Amino acid sequence: MTRRRFVINAGILAACGLNLSCMPVNKQKKKLGIALVGLGGYSNGQLGPALQQTTDCYLAGIVTGTPAKEKQWASRYNIPEKNIYNYENFDAIAKNPDIDIVYVVLPVFMHKEFTIRAAQAGKHVICEKPMAMNVRECEEMITACKQADKLLSIGYRLHFEPFNMEMMRLGQQKIFGDIQQIECANGYTWGNNKSSWRLKKDLAGGGGLMDMGIYAIQGARYTTGEEPVFVMAKQETTRPDLFSEVDETIYFELTFPGGAVAKGISSYNMNLNYLKAKAENGWFQLTSAYRYGGMAGETSNGPMNFDPNMNQQAAQMDDFAQCILHKKPTRVPGEMGLLDMKVIEAIYRSIESGKKEKV
Ligand code: NAD
């Protein structure tokens with residue numbers, strides 16, 4: 001090596017803080033191709049736009065049952081016709097090397113079918129929350145992905161969001177000592193839409209608990225870092241015309257093995273959005289906890305300072321791509337979706353029995 005070349009290389013290393021990952025590489029980094037299945041509100045409003053900001057994956061394809069959306073999405077995102085599928089010809093995706101990951105963004109009753117079809121087509125899978133209709137379906141999905149040797153993750157975007165990650169750190173590392181109490185609630189006021197799949201038990205599996213309350217359950221689980229052992233719950237319905245099949249509001253209490261008790265609310269009738277923890281030596285809380293942006297949090301020592309509006313979905317999908325590229329496990333695997341479903345089923349059992357139920 002000439003002295004001049006040595007000086008240049010040393011300069012690069014110094015500038016990189018000896019971080020070899022920013023050394024020039026000959027091979028261009030491969031971006032993994034994602035196909036979104038189901039182009040409803042979440043794909044349209046969040047995932048499509050987020051995939052314009054990702055660095056390790058990109059929007060390569062779509063799967064839709066609505067022909068008009070094929071054209072709209074193809075022109076908006078420059079998607080070639082060969083990467084556009086419908087629910088019937090979806091399995092042909094097996095032969096498409098552009099698609100590495102299938103992202104299932106459908107009503108809950110379709111999650112199992114499309115997760116398993118995707119894995120059997122040789123694709124890694126992200127499946128939206130709630131993972132499936134019940135515990136048994138979650139187990140079948142996990143088994144199918146294992147058998148196909150494909151990674152399965154659930155769309156738990158908040159595990160990539162800094163305020164929520166801070167709640168995990170403070171709670172799990174016991175920065176303020178043992179947690180004694182958690183308060184967690186997520187809900188919004190349902191409008192007048194009577195025809196949504198979210199109101200039908202055989203399409204949604206359940207109501208506000210499966211859709212909104214799951215974030216509060218997650219919050220209690222990742223703040224304590226423990227699995228609840230007992231649950232106690234009751235429900236309340238103020239608009240039985242809308243909520244004849246699924247739950248409107250549920251109040252639940254989760255008992256954790258370390259002694260913490262979480263009081264939770266899920267609702268389609270109240271605007272609620274918080275995750276609060278009280279520990280031996282202080283408290284920490286998010287007063288805007290589960291939204292796509294505008295997060296807010298503080299501790300008994302002062303405010304939390306993070307970017308409240310980072311793109312959660314882009315971070316989530318990039319992390320999954322990195323897990324595949326580097327053969328690492330995902331921090332939001334199917335098993336996590338299964339654990340939430342076990343808690344949800346226990347809450348429904350407690351409402352039925354009127355008693356404390358074991359998870
Ligand atoms: P949506 O109703 O807006 O869209 C559902 C899509 O599924 C539509 O494109 C619809 O055409 C299609 N579809 C196919 N068959 C259908 C059928 N039989 N009935 C109804 N729709 C059918 O729903 P969404 O809000 O996009 O939710 C989809 C999934 O994403 C759900 O699992 C939901 O919980 C999840 N989600 C997650 C987040 C999050 O923050 N992680 C946010 C919103 C939704």
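Select α2 (41-50), β7 (179-189), α8 (208-224) and β11 (269-279): each of these elements gives at least two residues to the lining of the largest pocket. The model on screen is a predicted one. Colour α8 separately, since its four residues make up the largest share of that lining.

Next, show the side chains of Y42, K129, R198, D211 and Y292, the residues nearest the centre of the largest pocket. The full lining runs to 39 residues, and the pocket they surround has a volume of about 870 Å³. Colour the lining by class, and 18 residues come up nonpolar, 14 polar and seven charged.

Move on to the second largest pocket, which holds about 260 Å³ of space. Select K201, Q235, E245, D247 and Y348; among the 13 lining residues, these are the closest to the centre of this pocket. Then add helix α10 (residues 334-353), which provides three residues, the largest share of the lining of the second largest pocket. Coloured by class, this lining shows four nonpolar, five polar and four charged residues.

After the pockets, turn to enclosed space. How many cavities of 30 Å³ or more does a search of the whole structure find? The search finds one. To locate the largest cavity, select Y156, R157, L158, H159, Y215, Q218 and Y222, the residues that line it. The space inside the largest cavity comes to about 30 Å³. Its lining consists of four nonpolar residues, two polar and one charged.

The last stop is a pair of helices. Hide the pocket selections and display helix α4 (residues 111-120) together with helix α5 (residues 135-147). Their axes approach to within 9 Å and cross at roughly 5 degrees. Angles under 35 degrees count as roughly parallel, and α4 and α5 are therefore roughly parallel to each other. To see the contact itself, show H111, K112, T115, I116 and A119 on α4, then E137, E140, M141, A144 and C145 on α5. Colour these contact residues by class as well: five are nonpolar, two polar and three charged.

To finish, restore the earlier selections and view the stops together: the largest pocket with Y42, K129, R198, D211 and Y292 nearest its centre, the second largest pocket with α10 in its lining, the largest cavity with Y156 and Y222 among its lining residues, and the α4 and α5 pair.

How values were computed:
Residues numbered from 1 in each chain as written. Predicted model: local features only at pLDDT ≥ 70, side-chain atom pairs only at ≥ 80, totals over all residues. Heavy atoms only, no water. Axes fitted to C-alpha atoms, helices over the stretch in contact; angles between N-to-C directions. Parallel < 35°, antiparallel > 145°, perpendicular 65-115°, else oblique. Contact = heavy atoms within 4.5 Å. Nonpolar A, V, L, I, M, F, W, Y, C, P; charged D, E, K, R; others polar. 1 Å grid on protein atoms, 1.4 Å probe; cavity = no way out; pocket = protein on both sides within 12 Å on 5 of 7 lines; lining within 4 Å. Points joined across faces, edges and corners; volume = space filled by probe spheres on them.
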